Amino acid sequence: MREKVKLYVRAAILILFIPWLLTVYLWGGDSRFSGGSGEDEQVVSVLAAEIPADYDLECLKAQAVIARTNLSREEEDEEGWDEAAMREAWGEAYEKNLDKIQTAVSETEGLVLTYEGELIPAAYHRASNEKTRNAAEVPGQEAYTWLQSVPSEEDILAEGFLYVGYMEKEEFAAVLAELFPDEEIAADALPGTLIIAERDSADYVTQVQYGETIVNGEAVRSALGLQSSCFYFSELEGKIRIVTKGIGHGLGFSQYGAERMAEQGAVYTELLSYYYQGVKIEKLQ
C-alpha cells in the first residue's frame, strides 16, 4: 500500500513539473521566458522566422516591435519557428542566436506601433529597390498613410537584390493564361504584347496589360514567383529574360536598410520612425 502511495505522489509531482520542464527545454532555461508570458514566447518564435538573427540587436528590436504589433492585431497566429526549426537554421549558433532574439523581445516588452490610436498593419520586407514604396500609389494599400516612400539606398548591397532569370515562352504564356483568362495568349509574340502599363515612383509595377485586360503588378509577381514587383521583361535568344530588383513588396520597414542604419548607430525607435511615418511606439493596452 505504501509503495502505491509513493508511486501516486511521484506521478503527481511529475505531472505538475512537466510543463515547466518543457518550457526550460524549449527556451534554453532563460529566466526571462521560463515562466514568462505566452506572448513573449510567441514573439520570439515569429521574430526568429522573420529576420536573420545575426543582424544588429537594434534592428532585431525594431522587428520585435513589428512582430508584436502584427500578432496583436491578427485573429490567427502568424507562422513562427519552433525549437527544431531554429536548431536546423542556426546549427551551432542556436544558443547565441536564441539569446539575442530573446533579448530583442525582452528589451521591447509590450511595445507596439499605432497610428491615430489604432494598431497598424506593420508591413516589412527584406530589401527595397533603393527606396520604399508610397502606399498611396499601391492598389489596395491607399489607406495606409504611414507607409510613405523613403530613401533606402544601401538596399542595393543586399544579397539577392538583383535577380536575372529566364523562362521558355510557352511556360511564360501558360502563366499569363491564368492571369488573363479572357485573352488569347500568343507565346511567339511575347514579351512584346505584354505591356507594363504603370509603375509607381519607386519603379515597382502597379499595372500590367495584355489585350484589353489589366491586372496589378503584385498578381503578376505572385503568379510568376518573382521576389519583387520591380520587374522587367525582355527577349533574349528566344526566351523571356526576367530581371527583378529588391526583395519583397517594398512597403514599410526594409530589414536590410534598417540593418545598415543600425550599424551606423541608429537605435530601434529611430529605425521604426524612419520607415513608418507619423506612428507612435507605445505600450500595448
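Two strands count as paired if DSSP finds at least two bridges between them; strands (E, at least two residues) and helices (H or I, at least four) are DSSP runs, numbered from the N terminus. You're looking at a predicted model, where local features need pLDDT of at least 70, side-chain atom pairs count only at pLDDT 80 or more, and totals for chains, interfaces and linings use all residues. Residues are numbered from 1 along each chain as its sequence is written, and side-chain values use heavy atoms, leaving out hydrogens and water.

**View A. A three-stranded open sheet.** The strand order here is 2-1-11, with antiparallel pairing. Strand 2 (118-119) and strand 11 (280-283) sit at the edges with a single partner strand each, so one side of each has no neighbour in the sheet. Look for the two bridges that join strand 1 (residues 111-115) to strand 2. Thr114 stands opposite Leu119 in strand 2.

**View B. A helix across the strands.** Helix 3 (residues 57-73) lies across strand 1 and strand 2, at about 70° to strand 1 (axes are lines fitted to C-alpha atoms, for helices over the stretch in contact, with angles from 0 to 180 degrees between N-to-C directions).

**View C. Glu259 and its contacts.** Find Glu259 in helix 8 (residues 255-263). Glu259 is buried, because its relative accessible area is 7% (buried means under 20%, exposed over 50%, partly exposed in between, with a 1.4 Å probe and protein chains only). Leaving aside residues up to four places away in sequence, Glu259 touches Tyr55, Asp56 and Cys59 (contact means heavy atoms within 4.5 Å). Glu259 and Cys59 are 200 residues apart along the chain, yet their C-alpha atoms are separated by 5.5 Å.
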